[in-house]
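Please find below my note on the structure under review. The points are numbered for ease of reply.

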Amino acid sequence: MPKPFSKLSSSTFFFHCTLLFFSATSSGSFSNILSPKKFGLKREKLTHLHFYFHDIVSSRNPTAIPVASAALTNKSHTGFGVVMMADDPLTAAPDPNSKLVGKAQGIYASAAQDEVGLLMVMNLAFTEGKYNGSSLSLLGRNTVFSRVREMPIVGGSGLFRFARGYAQAKTHTLDLKTGNAVVEYNVYVFHY
């Protein structure tokens, strides 16, 4: 049976406490403070990106499809509970045949019962110019019928590593019969 603390000698007790202290503060710790310079990070930049998001739900080749819904989704005037998977083109102009600059790939879901409010979880994956191969991560609330919606940019990859900022979305066109939409995006992002 192990000895209770009261029966340990003071030197043994001190040894165990010292061992615990150095174990907890050794270089094997799960976190360290690092210098940004070690990763080649220099001065932060603020970048503005402007593009158009094409969400096509009704066509022979949709860019967004439903992947889940609840029993009450069809009875809801907001589509509450529907989950959509998207691979939407991002273009330089509103015309769907204009220059492709990337894709919005991810999920959006109807998360509000009293208005059309979407939970947006998207990777904005860029395929053109300087930002080819880089992406931004968008996570936020999109109240579709508001004039301008603001959603946070919570991260990125490539040239957008350590990114943070926000996106403003403004509906350019919306066909209420088909559900197809073109949305103008202005994205403001800090990155290294």
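The points that follow move from the overall layout to the core, the aromatic rings, the charged pairs and two individual residues.

1. Overall layout. The model is predicted, and the remarks below should be read accordingly. The chain contains one helix and nine strands. Read from the N terminus, the order of elements is α-β-β-β-β-β-β-β-β-β. Of its 192 residues, 32% count as buried. Among contacts with a separation of 6 or more, 48% are between residues 24 or more positions apart.

2. The nonpolar core. In soluble globular proteins, nonpolar side chains tend to be buried together. Here the largest nonpolar core has 30 residues. The members that touch the most other members are Phe51, Met120, Leu124, Phe126, Leu136, Leu138 and Tyr185. Two or more residues each are supplied by strands E1 (45-55), E3 (83-91), E4 (100-110), E5 (117-126), E6 (135-143), E7, E8 (164-174) and E9 (181-191).

3. Tyr185 and its surroundings. Which residues does Tyr185 touch, not counting those up to four places away in sequence? Residues 49 to 53 are represented by Leu49, His50, Phe51 and Phe53. The list continues with Met120, Leu138, Asn142 and Met151, and ends with Ala167, Gln168 and Ala169. Tyr185 has a relative accessible area of 3% and therefore counts as buried, the limit being under 20%.

4. Aromatic pairs. A pair of aromatic rings is described by the distance of the centres and the angle of the planes. The count comes to seven aromatic pairs. One of them joins Phe51 and Tyr185, with 5.7 Å centre to centre and 10° between the planes; this pair is stacked. Phe51 belongs to strand E1 and Tyr185 to strand E9, so the pair links parts of the chain 134 residues apart. Phe51, like its partner, is buried, at 2% relative accessible area for Phe51 and 3% for Tyr185. Ring pairs also link Phe51, Phe53, Phe126, Tyr131, Phe160 and Tyr185 into a cluster.

5. Salt bridge between Glu44 and Arg164. Four salt bridges are found in a search of the whole structure. In one of them Glu44 is paired with Arg164, and the closest N and O atoms are 2.2 Å apart. The two residues come from distant parts of the chain: Glu44 sits in the loop between helix H1 (10-25) and E1, whereas Arg164 is in strand E8, 120 residues apart. Glu44 is partly exposed, at 29% relative accessible area, and Arg164 is partly exposed at 41%.

6. Salt bridge between Lys103 and Asp87. The closest N and O atoms of this salt bridge, formed by Lys103 with Asp87, are 3.4 Å apart. Lys103 lies in strand E4 and Asp87 in strand E3, with their positions 16 residues apart in sequence. Both ends are partly exposed: the relative accessible area is 25% for Lys103 and 33% for Asp87.

7. Salt bridge between Glu128 and Lys99. The side chains of Glu128 and Lys99 meet in a salt bridge with an N to O distance of 3.2 Å. Glu128 is in the loop between E5 and E6 and Lys99 in the loop between E3 and E4, so this pair ties together parts that are 29 residues apart in sequence. Relative accessibility is 34% for Glu128, which counts as partly exposed, and 48% for Lys99, which is also partly exposed.

8. Arg149. Is Arg149, in strand E7 (residues 149-157), buried or exposed? Arg149 is buried, yet has no salt bridge. The nearest side chain of opposite charge is that of Glu184, 9.5 Å away. Since a salt bridge requires the nitrogen and oxygen to lie within 4 Å, Glu184 therefore does not qualify as a partner. A polar atom of the Arg149 side chain does lie 3.0 Å from the backbone oxygen of Ser146. Leaving aside neighbours within four places in sequence, Arg149 is in contact with Asn142, Thr143 and Val144, with Ala167, Gln168, Ala169, Lys170 and Thr171, and with Val183.

9. Phe162. One backbone angle deserves a comment: Phe162 has a positive phi of about 65° although it is not a glycine. The residue is located in the loop between E7 and E8.

Notes:
Residues are numbered from 1 along each chain as its sequence is written. This is a predicted model: local features need pLDDT of at least 70, side-chain atom pairs count only at pLDDT 80 or more; totals for chains, interfaces and linings use all residues. Side-chain values use heavy atoms; hydrogens and water are left out. Buried means under 20% relative accessible area, exposed over 50%, partly exposed in between (1.4 Å probe, protein chains only). Lys and Arg count as positive and Asp and Glu as negative; His and the chain ends are not counted. A polar contact is a pair of N or O atoms within 3.5 Å; within protein, one must be able to donate a hydrogen and the other to accept it, and residues adjacent in sequence count only if both atoms are side-chain atoms. Contact means heavy atoms within 4.5 Å. A nonpolar core is a set of buried Ala, Val, Leu, Ile, Met, Phe, Trp, Tyr and Cys residues joined through side-chain atoms within 4.5 Å. Helices (H or I, at least four residues) and strands (E, at least two) are DSSP runs, numbered from the N terminus. Rings of Phe, Tyr and Trp (its six-membered ring) pair if their centres lie within 6.5 Å; planes under 30 degrees apart count as stacked, over 60 as edge-to-face and the rest as tilted.
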